[in-house]
Amino acid sequence: MNQKMISSSTTKHKFWMKVALELARKGEGLTRPNPPVGAVVVKNGRIIGSGYHRKAGGDHAEIIALKQAGRRARGALLYVTLEPCSSYGRTPPCVHAIVKSGIASVIIAAIDPNPRHQGRGIGMLKKAGIEVIEGVCRAEGQKLIAPFKKWILTGKPYVSLKMAMSFDGKTADCRGCSRWITGKKARAFVHDLRRRADAVLVGAGTVLADNPCLLPRPGGGRRPYRIIIDARGRVPGNARILNDAATSRTIMATTDLCPRARRNAWLKQGAQIWIFPSVRGSDRISITALMNKIGKTGLLHVLCEGGSQTAASFIRAGMVDEYLFIYAPLIIGGKNAPPAVGGTGWKLAQAPKLRFIDQKIIGNDILIRAKPRKGR
């Protein structure tokens with residue numbers, strides 16, 4: 001095969017894989033503890049079957065696509081964003097269905113990150129005589145399963161820390177007013193983040209200052225948990241998060257420092273209560289213990305929306321996987337206006353180092369996405 005033909009084939013594979021990736025994103029926030037996956041069956045340059053994983057226990061993306069294709073799948077190409085499963089779980093292995101369908105080639109974006117299964121599905125497909133092409137749109141496939149990968153390898157959730165602030169890094173003015181620093185398009189972007197997450201997390205200070213709902217609007221069928229860090233029991237029983245239809249999915253993370261009467265009030269409203277030991281010499285919750293508990297609950301992706309003390313705690317604990325800075329084109333100034341990151345701060349030499357991944361304009365605001373530097 002000459003270079004021109006290879007280039008043409010690669011372009012076609014990327015085109016169809018991007019279709020599968022778009023399908024997979026429809027399942028974000030719905031599939032826990034499984035990863036979102038998309039698949040398309042292509043024959044003679046046309047899609048004859050497509051699907052995405054909608055919920056744990058339901059058909060996987062490949063099965064939905066193959067069912068749509070039916071007998072036409074014989075000799076066709078299957079594009080799937082994640083290596084097909086090879087073991088029995090709530091559903092039978094997808095590999096068996098692929099082999100039985102007569103699919104000629106399977107094109108995969110990302111390999112299964114689970115060490116117990118990694119490469120096993122690919123090996124089974126090859127043994128059955130099916131051509132396998134790996135790594136098409138690899139970066140996009142890896143990004144899609146990043147929360148699942150971290151959870152399966154560490155038992156902890158993937159944490160996205162979102163901070164909306166003025167250009168000089170303030171999250172509110174000197175009176176505590178923060179509505180609205182960013183514009184409508186940026187706020188719509190945040191609601192999209194909430195739809196992709198398994199839980200939205202804030203500190204008690206944010207609840208007291210803003211009395212937020214924390215649910216995505218529109219929900220799109222998503223029902224993320226709401227996790228409130230409140231070591232001393234400051235959030236009253238009449239807060240919005242404790243008085244709506246989703247209160248049963250509100251988790252109050254607290255300590256023995258929280259008065260029993262307050263805990264009883266939360267329980268009466270229908271919230272869940274998690275009690276942790278406080279960090280020695282302080283009234284703070286152990287972020288590591290909290291992350292372990294969240295992971296054991298099967299929540300893969302946590303969107304942390306602050307406030308400043310909560311952001312500092314997560315950064316200091318080394319639990320942030322992704323930073324989402326949203327800068328508004330205004331300057332607040334003043335030493336009494338709260339910063340995006342509170343706490344005692346760091347000396348310059350010890351300050352957490354980041355690497356910028358990308359940036360874009362959202363309405364009148366700027367989004368900058370960053371990740372911690374490796375080894376930090």
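Which residues are linked with Lys162 in a network of salt bridges? They are Arg194 and Glu305. This small puzzle is a good way into the predicted model shown above, so let us follow its charged pairs and then turn to its backbone.

Side chains of opposite charge can pair when their charged atoms come close. In this structure there are 13 salt bridges, and three further pairs are worth visiting one by one.

Start with Asp321 and Lys150, whose side chains meet in a salt bridge with an N to O distance of 2.8 Å. Asp321 sits in the loop between helix H11 (308-316) and strand E12 (322-328), while Lys150 belongs to helix H6 (residues 146-154), so this pair ties together parts that are 171 residues apart in sequence. Are the two partners buried or exposed? Both Asp321 and Lys150 are buried.

Next, look for Asp283 and Arg232. Their salt bridge brings the closest N and O atoms to 2.9 Å apart. Here, too, distant parts of the chain are linked: Asp283 is in the loop between strand E10 (272-275) and helix H10 (287-296), and Arg232 is in the loop between strand E8 (225-229) and strand E9 (250-254), 51 residues apart. Asp283 has a relative accessibility of 30% and therefore counts as partly exposed. Arg232 is also partly exposed, because its relative accessibility is 46%.

The third pair is Lys67 with Asp59, joined by a salt bridge of 2.7 Å from N to O. Lys67 is exposed, as its relative accessible area is 58%, whereas Asp59 is partly exposed at 33%.

Now for the backbone. Most residues other than glycine have a negative phi, and most peptide bonds are trans. With that in mind, a few places deserve a second look.

One is Asn44, which is not a glycine and yet has a positive phi of about 55°. You will find Asn44 in the loop between strand E1 (38-43) and strand E2 (46-52), and with a relative accessible area of 75% this residue is exposed. Asn211 also has a positive phi, near 45°. Its place is the loop between H8 and E8, where Asn211 is partly exposed, with a relative accessible area of 31%.

Where does Pro218 lie? Pro218 is found in that loop between helix H8 (204-210) and E8, and a cis peptide bond with omega of about -10° joins it to Arg217. Another cis peptide bond connects Gly306 and Gly307, with omega at about 5°. Gly307 is in the loop between strand E11 (301-304) and H11.

Conventions: Residues are numbered from 1 along each chain as its sequence is written. This is a predicted model: local features need pLDDT of at least 70, side-chain atom pairs count only at pLDDT 80 or more; totals for chains, interfaces and linings use all residues. Side-chain values use heavy atoms; hydrogens and water are left out. A salt bridge is a side-chain nitrogen of Lys or Arg within 4 Å of a carboxyl oxygen of Asp or Glu. Buried means under 20% relative accessible area, exposed over 50%, partly exposed in between (1.4 Å probe, protein chains only). Helices (H or I, at least four residues) and strands (E, at least two) are DSSP runs, numbered from the N terminus.
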